[in-house]
Amino acid sequence: MPVREIFVDRIEQECIPCGDIHDVLFTAFTVGVRRETQINGKFMQLPPCPVCGAVEFLVASPDDEPEYPSQGSFGHKHKLLVDKLHGQMVRAGRLLNELDPATLLNKEPTDETMQQWFPGGMKLQRPKKNDQQGGGQ
C-alpha cells in the first residue's frame, strides 16, 4: 500500500489490490512486527483495508542499504516517505516494547533531504502509466 501523504497524525495510503484511498491514524499501527519468537523493527504492519481486507506492510530501509539508484523516482520518494514515517513513529514511542529505539533511527532522512524531494510537503502521487516526459517524446 503506497503512502500517498504523511500528515501530523496519520498517513493517506492507497490499497494496491482494490485501489481504495484511506487515512490510517498513527495510533492504528506500530513499528515492529512479531512472528512467533522473532521481532523485526523495520516492518510496520498496517491495519486491514476497510474495503477489501488486504493487510500490507511498510518496510523501512535496511541499515546497510546503498543509495537508491534512481534518485527522484517514485520508488526513491516512496522509500524516503516510509523511512521518515518509521523515524517519526519511533520518536513518538509507537513501537513494540521489546525494541530499542536507539537502534532504529539509522536510515531516517534529514529534514533537508525531505525538503529537497518534497518541497510542497510529504505528498507523493503515483505516476500515470501514459505520462510522457518532454512534450510527448
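Here are a few questions and answers about the predicted model shown above.

Me: What kind of model is this, and where does residue numbering start?
Reply: This is a predicted model, where local features need pLDDT of at least 70, side-chain atom pairs count only at pLDDT 80 or more, and totals for chains, interfaces and linings use all residues. Side-chain values use heavy atoms, leaving out hydrogens and water, and along each chain, as its sequence is written, residues are numbered from 1.

Me: How are the rings of F43 and F57 arranged?
Reply: The structure holds one aromatic pair. Rings of Phe, Tyr and Trp (its six-membered ring) pair if their centres lie within 6.5 Å; planes under 30 degrees apart count as stacked, over 60 as edge-to-face and the rest as tilted. With centres 6.2 Å apart and planes at 75°, the rings of F43 and F57 are therefore edge-to-face.

Me: Is F57 buried or partly exposed?
Reply: Buried means under 20% relative accessible area, exposed over 50%, and partly exposed in between (1.4 Å probe, protein chains only). F57 has 32% relative accessibility, so F57 counts as partly exposed.

Me: Which element gives the largest share of the largest nonpolar core?
Reply: A nonpolar core is a set of buried Ala, Val, Leu, Ile, Met, Phe, Trp, Tyr and Cys residues joined through side-chain atoms within 4.5 Å. The largest one has 23 residues, and I11 and F29 are among those with the most contacts inside it. Its largest share is six residues, and they come from α1, a helix (a DSSP run of H or I, at least four residues, numbered from the N terminus).

Note on methods:
Helix = DSSP H or I, 4+ residues; strand = E, 2+ residues; numbered from the N terminus.
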